[in-house]
Structures are given as structure tokens and as C-alpha cells.
Amino acid sequence: MSEITQSAGIAPGGGRTLERLGLLVRSRSGLVGLILIVALSALSLLSAFGLLPYDPITQDPPSRLQPPSAEHWFGTDQFGRDVFSRVAAGVANSALISLVAVAFATVIGTLAGVIAGFYRGISDGVISGVTNVLFAFPPLLLALSLASVFERNWFTIAVAIAIVYVPIFIRVTRGPVLSLREIEYVKAATSTGQTRAMIMLRHVLPNITSIIIVQVTLSLSWAVLTEAALSFLGLGTPPPAPSLGSMIFEARTLVSIAPWTMIAPGVVIVLLVVGLNLLGDGLRDALDPRNRGRK
Amino acid sequence: MHEGNRARRVGLGAFSIAAAVALTITGCTASEPSASDDAGAAGGALVVGVTSDPDTLFPWKATQFQAVNVLQNIYGTLTEFDEELNVVPGLAESWEVSDDGLTVTFHLRNGVTYADGSTFGSEDVKYSLEAIQDEATAAVAATSLASVTAVDAPDENTVVLTLSAPDAALPANLAVVNLAILSSDDTEEALNTTPNGTGPFMFDERSASQSITLAKNESYWGEAAKLDTVEFRVIPDESSIVSAMQAGNVQLAVFDDPVVAQTAEGGNVTVESTPQLSYHVLQLNATRGDLQDVNVRLALQCAIDRQEVLDTAALGEGEVTGPITSPAYRSDPSSRPCPERDLDKAAEYLEKAGKSGGVTIKTIVSQGEYSTSVNEAQNLKAQAAEAGITLEIEVLESGAYVDRWIAADFDAAVALNGGRPDPDGMYGRYFTSTGNLNAVAGYSSPELDALFAEGKQSSDPDERKAIYEQVSDHLEDNAAWIWLFTSYTYTATAADVQGFTPMANGSLQYLRTTSVN
Amino acid sequence: MLRRILAAIATLLGVAVFVFIMLRAIPGDQITAGLGTEAAALTPDQRQALEAYYGLDQPLIVQFFSWLGNIFTGNLGFSSRAQESVLALTAQSLPVTLELAIFSIVLALALGIPLGMLSASKPDAPRDAFGQLVGLAGLSIPAFLLATTLLAVLASSFGFNPNGQGYAYFFDDPWLNLQQMLLPSLVLGFGIAAPIMRTTRTAVLEIRSNDFIRTAKAKGVPPRRLQAKHVLGNALVPIVTMTGLQFGYLLGGAVVVEQIFSLPGIGRQVLLGIQQKEYALVQSTVLIIALSFVIVNLLTDLLYRVIDPRVRAA
């Protein structure tokens, strides 16, 4: 929290973005993460634009369980579907769900956190109470129950995951906002008659963006894993649409006779999460004001 | 007992499943399955790998597969099925039907005791059947006794059922564990924790959601079980069951998924596939929307290639089927307006219905209940689309699916329905206008009502076969539903397991003849 | 402290309301969960009898308060599936998960702390890269992927699968129990080692740059003692926080691993309860998990006061 107070005086302007990007690229982990994410995004874009070698859903029983070959780079699964195409579509699916989930969680969580921290009073009591309740709830079980409430599709899964991650965003924003509130120039702005909403927009939000950005990348990697775990328990993306988790789930029975069905989605999900983690690390280093002076 | 009752005595014919109403079978050896090879005196302890715990131990309320399988080995029923699903004597040694078909007299087996040592007798049968009929009991098979108006126990070894109308399906209906004969001294509460039956095994111990163990019933009335104990061990993940079999911890498991079965095979594990009575079907609700028109339903029938559904969704592991799946009454799958896929005919039917522009059918499908459901739906949708019929697929959680299914809140439903050995038991409740599932079936007709009534009255096997052939044809001609295929179960056994016979209804009753060396 | 306890009680009450509402929002009830589509064949009278049997005939508000009231008398409800009280079931399942959680945490600490210190001992050197890589792997490899792969490979290639035998409680068969705990706690421990390693590394680096360590160095405190006493001692606070957090998370988060390794833990109890719509079972179990979580948090706080010199002074 102390670093926030220090940095609170420096209002980050848009002109710094390039400098930050430079810092990100200069940090080794950030660069590797960026490359991984760009590569996997390209893979998922293939699927979005229909550029995959095979349809990831259409079944072709005669060519089932073929090992990797020139025709099928990652082999085929038990229904003769091309594993490469399914992995690519699976990345797209996982990414979509995680992005939407984290976007929801970020917007709602940040808003709630800022309101609670800035206005205090009843709103803080209610918001913090809800946060505590959600935190005390086992996250996977929460997602699991939520996922069984609604008719299942990618969007409802995203919402279920979002609800699990909202309290994290509330917690990471509320604290810093609380201390910002006491900073002299915010107080000064209040006394010069600026409305609270304007103060929040001008002075508070810009100061917590870096915390939020780092939290977003980390949450993305957790969301990918949560979606996969849900799929693994049979409550994720409904088949036949592929998701990395459900592919691994289906492949677990095949691992001894067709290991490629497990290896391809397994490696890709690890790379995706590694990429997001590294990117998060890199961003943290790049955005941390204390690192600005360092190499 | 009715005056002038003359029971006919007929030998056990090849196709005798439901005909048994008119049959009297004597001698307890008749129920000994041919599978009882004498592999020696070996007993041993068998471990069966299962994915879930029984959800109840009370036989009258058990519908979950796992619960039925466990309880079937503990409890006895008046009649039983043999491995070909013929009705054979159980706790009733023999039975006879009066000429007017309104009185059935059961002669009970002597010297049968319950696991707790109490003696089995006619008062237990009277108590059980009457309690099952009582709606406050909420027994799931109460309707199997719908035709029974009175249960009398004139003496210790005789039970007389008075019927409101002849019921040829009754003996087959009595053979399921939901009609188990409980001791009149027992209560549901007591049996929930300590089952007490007359079957070849006795309840030994249970550790909730972990395992349930049965021990040999030494005083069983038939040939005693070979195994000393059977443990049903809960291993929630199917692939973990495979791992446990490979490591030698589990000796027997039944899988539905051909792929899982394939991975289990090898080493010292062999896998046997058994065709099942249950059938995959696209249920249509002929009371709703465009499906009210028989031509629309027929168009859909013509648009679907059953073999293609089977090949893509279930790897071709199964057989295309008509309505009736039990071996003795099996429908000829090609006896329908469109035995093969015929898009021209489908277009014709649509034109007749005035729907050449196409129709949209809201279809529900459950996810998680069985592995092929969503793949079936996808293939059906793809095929129907080529005929201008849009299946709007709604994938539902099993709880939501069941809610919608029960409320008949769908145009069409992709379903896997259980089959029964007797066609009346199987479809009477769906396709007669008074059947308790008729709302869900969405179709009935005076012709069908008449045919089902006839089938219940007839006691002649050949006559019944002819009647149910007409039922089957009527259902297909009117495309009441689109029957697709039946699949297999896969019984994986370790090399040291002998004498087990899988059955078409999925029953594990032949654990009694199984041994482990 | 009193305020914190009051807040904890309010939180638990919130959890109770939340889980109660959410469960009823899931389609289906215990009757349809048990009977499946056969429930369509029930007559209205039969349905009524079953609703009375499962206590579903009461208005929701009555259901809630009778459940909550019973809890205060120590009656957590009854599972008709297991035919045991929820208290008895939890008394069996909670120790399984606690044991698993403790083993996992111990393994994670044993792996994470040394690795973190190794990394921090020379930033950007190969050993740091190694430590970071292991940590990254722990963060990124999904537990279920590691678990299924381990189980399948060990069982099919070596015939090693202690989890295929029935679960052995520690006091019944300690040797088998430990074998059965080995793989699952390795899988979970590996995952938790990652945040612990990172926390250790960051904390050590941060403290090292602090003034008082520089002073101690200048005063000639031997490096080894410096490392052990000052650096680790001060890094303990964030490590304890992280450990408490992870421990609390494990109580409900081990469900996937419990499922794969057939461990009858508390996560599986909830999962089964949700599938079977055993409302009282799920409500009470979730409440117990939440209570454990709250207690772990309080204990972590207390531990702070003991180990953190600054908090002690305050």
C-alpha cells in the first residue's frame, strides 16, 4: 500500500505508454510472455476467421485416433476430429470466456472497490460484506454452483467465473483508494469544489490503473484454469464446441492409447497460462514506479 | 379364488417372456442359469468398480442404475428374469391364471428366510404389494400393479391377486427389484440403513460414498453364491476405474463408453459387449406446433439416416432399431415408411403438410447424463437441415432437462430411454391415452389403445407377438417418435473372474454365479 | 478482536443466505435428482408424499430458519442418500481434506521456501532462472492435468495405484493412507509451491535492500546468520499470509484432485450434494468450509502479531 502513496503524486500521462511498453519488452519475462500470447492469439484468430485446416466439430469416424502426421499435425481424436483445429478453436474459446469473465470482474469489481473506498459509509459496509461472503465461499464450488444455475453456454460460464473474481478486484482497489482519499491534493480538489465523480475520474482511477492492469493479466490466467477445471468436472463449455479443459477431460481416458489427444491441449493450456503469468510479471515490473529508475 | 379355475399348464417356450401369465413352471431348478459352470469351489472377494454410490437402499424407490444393481443382489422378487430375459420363478415357485384372466394364484417357495433369519411367507407378499400400491409410500413401480384390485393370502404359501382386467404383462412386471418382497416386520427407515432381503447376497457394510459390501447369503433358497463377498467400490472418475483395474485393485466394471472400454482392454482385462434394451430416440411431441401434422413428423423420419447418427455419435457401436428392443418382440428396423434416408420423400411429406418453406423444431438435449447425447443432437440437426427442417438445439444441465422433460415442455427431445423385456411394460405407459407418461410421449390414438388392451388380454405368445408388431408399425407409420439405435454396455473383467453373465437390462444378477480365483 | 469476530459471524450468515438461495436456483430438486425422468410417472399424491419426506413441502423461509435453527443445536441436517447425519459425514470427510491440505502445504513450503531463497540469493543468475521456471510451472500446469497424467502413467506402466484400493483412514492403516495421500498432495503441493516461492523471493529481495540489513552487514554479522535470522525472519510475514490464504483455498478447492484420486474429502461431499440436490448437506458443508476459512484467517492474523515485530510494537 505504501508504494501507492508514494506514486500517488505522479499522475501518469498518456505519453508514458511507449516508455512502459519499452520497459515491458526490455524485461525478459515480459517479452517471452508477450510473444507467447501473440502467438496463441494468432492461433485463435485462425479459428475466428475460419482458416483452420479442418472443421473442429465435424466428425469423421473413419480417420479416428490417428497419430500426428502431415495431414493431421496433432493427430485426430476419438471422433476423427483434427486435434490441431480443435486446439486452435479451444484456445479461442478459452480466451473468449476468460476475457469476458475478467472484463466483467474488472469493471464491476473496480467500480465497487472505488465506491467503497471513496465514499465509505454504508456503501463500504455493504460492498465489503458481500466481498467477505464471496471470499469465504470456496471459489471452485462457487463457480460450479453458479454454472449449474443457468442454461449453459459460453456466456453464462463467463459470468459464473466473473462473479468468483469480482471480490478480488474489489479488494485490490478499495485499499489504495482508501489511502488516496487522504492524500493532500485529493483533499485539495475536494475543497476547490470539484464533484466527487470528477475527482474519482481525474485523480483516483488513473492512480490505480497499474494495479488493475497487473491484476487483470493474473486473473486471466486463473480464469483460463478455472474454465478448464469446470470443463473437467463436466460443467464447462458444452460439447461439441472444444475448450482446452474439456479436451483434456475427454483425453484422460485415451492417454494410454492416443497420448497426442492429451499432449496437444495440455501443452497449449500450459503455454497460455505461462504466457499470461509472464506478461503479468513483466507488466508489474514495467508499471511499478520503484522500478522506473532501475535498468 | 375363482370357482372353476382351470389352470393351463404349458411348457416353457422359446418366446415365453410375457406369455408366462398362462404358464405354470414348477421346480426350482428351472431358474438356474446355464451360466452356472462349475469352476470349482472357489469363492473369494470380488471388487466391482462403480462411479457412484447408491442414492437409496430402499428397493421400492430405487431407480438409479447403481442402486438397482446393488439391491437386486440383496432382495428377492416373486418372478425373475433369466439371462435371455424370460420370466422364471423367483419367490413364487409357480403361478396360474384363471380362465377369465382375472385371478392369478401364486404358490410361494417353502423354507425361504430373510437375511435377519425371519421366515418368508404370504403375509410378506400381501404386505409388500399393498404397501407399493399405497400412494403414500411413493413406490416408483406402483403403476405396475395398476390392474391389481385385491391381494389375498389364503394360507402361508399362497397369494391370490384379483385383477380388474387381464394383465399378461404382470409376471414380467413383478420381476423388477422395485417390486421386491420385503418382510412385513421391516420399515423403510430400518431398511434404509440395513437392507434385509431374500436374495443370494446379504448387506454387510457400507461406507457412504466410498463403498458398499455384500456377503454371501448362506441360507439362500437357490444355489448359494460362489463369492464370499462383493464390494462395490466408488471410484468417481471412469478413467480412474480403468487405472484401478490395470493395477489389479478392481476386478469387474461396467462401462457405457466404448472408448473407455477400449482403453481398459489389454493386459489381463477382457471386455465383453452386450446389446442393451435401452434405446436412443428423438422423442417428438405430436401435440405441439407443426409436429401435430403427421406429414411433418414423417418428413423428419425420412430425413434421418439412423446409421449415420450411430456412426458419428457412438462410433458405430450399436444397432439401428425400431420401437421394441426386447429380443422376443424386436421390431424390424426397416418396417417404416422410410427405412432408408430419402430426402425426396421428405420433401414430398413437407409439401403435403404445406411446409415446403421448412419448419423449426425446438429440441432439448441433456448434457452429462450419457456421453453421446450432444453428438447425436448435432448429427440430427445436420441431417434434418438438409431436408429443410431446423432443429433448434437447447443443451441443458441434467436437472433442467429432467424438469423440462417431465413437464413435456419441448417439441422434440433427444433421449436415452430404458427398455423393458415386456413391450406392454415398455410402451403402455407412454402410448396409451391413459398412460402416466402419455403427456411426455405426446402421441396416442384409439387404435393404439385398442392394441395395447388386446396385448394385455392375450395369453398366447404368438398372438401377442403379432399384436405388438402392429403396435410397432403404427408407431412408425405415424412417426410418433424417431427411434434411432440401441447401444452396448461393456463389461470389463480381470482374468481371474469367472462365471459372470452380463444382461441386456444391465442387471448384475449373475454375480451369484461369479467366482474369483 | 471482538469486532473481527462479529464481522466473521456476519460473513457466515451471508454465506448461509447466499448458498441457500443459489441451491434453490439450480433446476431440479432432490426428487427429480433421484428419480430422473421416472419422476414424470409420479402421481400427485406420490409427489406430495416425497416432498413431505424430503421436507420440500415447507415454505422457503421456514426451510431456511429451521435449518439455521437446527445448526445452533448441533443438528446440521441429514443426508438421505448416505443415511447419515451431515455432522457424521463431515466428521469423516473433513479430516481427509485437512490431512491432504496439511501435507500439500508442508510439501509446498519444503519446496517453495528454499527455492525462493535460492532464486533471491543471486537475482538474474541461472539459479534464479531455474527457481523462477519451477515456480512458473507450478502456477501454469493445471492440477487435473498433472493428476490424470501421473495416475494413468503410474498405473499402466508400473501398476502403482494405491488410490484404487478403498480409502484407508490414517488411524486404520497409516501406511496405506500415506501412500494414498502421496500423489494428490504432490500435485497440490506443486501448485502451491509456486506462489510461496515467489512470495519468498520477493520478500527476501525487498528486505535485503532494507537499511537495517545493510547496517547489520556493516556491523559484521556473519552472512549465514544474517540470512537465517534477519532475512527469513522478516520474510516470514508475507509467507505466512500466503500460506494461510492457500490453506483456506484448499479446503474447498481440492475437489478436482479428490475426484481423480477417489479421496472422500469435503469437496467431493459438496459436489455430490449439489448433484443430488441434498440441500441441507450442501448448505451445512459450505458453511463449515467458510467457517474453517474464517478461522484460518483469524489464526493467520494472530500469527502476525507473534512474528511481525512492527505489529507487536503497535
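1. What share of the contacts in chain C with a separation of 6 or more is accounted for by residues 24 or more positions apart? In this predicted model, the share for chain C is 72%. Chain C has 14 helices and two strands, and its C-alpha atoms fill a box of roughly 85 × 55 × 35 Å when taken along the principal axes. Of the 314 residues of chain C, 49% count as buried.

2. Within chain C, one helix pair deserves a look, namely α5 (residues 86-121) and α6 (residues 126-140), whose axes come within 7 Å and cross at roughly 145 degrees. The crossing in which α5(C) passes α6(C) is left-handed. On the side of α5(C), the contact is made by C:Leu115, C:Gly116, C:Leu118 and C:Ser119, while α6(C) brings C:Arg127, C:Asp128, C:Gly131, C:Gln132, C:Val134 and C:Gly135. By character, the residues of this contact divide into three nonpolar, five polar and two charged.

3. Chain A contains 11 helices and zero strands, so a reader following the chain from its N terminus meets helical elements throughout, in the order α-α-α-α-α-α-α-α-α-α-α. Of the 295 residues of chain A, 55% count as buried. Residues 24 or more positions apart make up 72% of the contacts in chain A that have a separation of 6 or more.

4. The helix of chain A that I would examine with care is α9 (residues 196-232), which has 37 residues. The C-alpha atoms at the ends of α9(A) are only 46 Å apart, short of the 54 Å that a straight helix would reach at 1.5 Å a residue. A bend of about 45 degrees is found in α9(A) at A:Leu205, and a proline, A:Pro206, follows within four residues. The helix is mostly covered, with 27 of the 37 residues of α9(A) buried. After α9(A) comes A:Gly234, whose phi is positive, near 80 degrees.

5. Where chain A meets chain B, the contact takes 15 residues from chain A and 20 residues from chain B. The residues on the side of chain A that touches chain B divide into six nonpolar, six polar and three charged.

6. Chain B also meets chain C, and here 40 residues of chain B are in contact with 41 residues of chain C. On the side of chain B that touches chain C, at least two residues are supplied by each of the helices α4 (188-193), α5 (238-246) and α11 (398-406) of chain B. The largest share of that side comes from α11(B), which gives six residues. Sorted by character, the residues of the side of chain B that touches chain C comprise 16 nonpolar, 17 polar and seven charged.

7. A last point concerns a single residue of chain B, B:Ala385, which is found in helix α10 (residues 373-386). Is B:Ala385 buried or partly exposed? B:Ala385 counts as partly exposed because it has 13 C-beta neighbours inside 10 Å, whereas a residue needs 20 or more such neighbours to be buried. Although B:Ala385 and B:Thr360 are 25 residues apart along the chain, their C-alpha atoms are separated by 9.8 Å.

Key. Residues numbered from 1 in each chain as written. Chains lettered and ligands numbered in written order. Predicted model: local features only at pLDDT ≥ 70, side-chain atom pairs only at ≥ 80, totals over all residues. Contact = placed C-beta atoms within 7 Å. Nonpolar A, V, L, I, M, F, W, Y, C, P; charged D, E, K, R; others polar. Expected span 1.5 Å × (residues − 1). Bend = angle between axes of the 7 residues up to and from the residue. Buried ≥ 20, exposed ≤ 12 C-beta atoms within 10 Å, placed from the backbone. Axes fitted to C-alpha atoms, helices over the stretch in contact; angles between N-to-C directions. Left-handed = near helix turned anticlockwise from the far one by under 90°.
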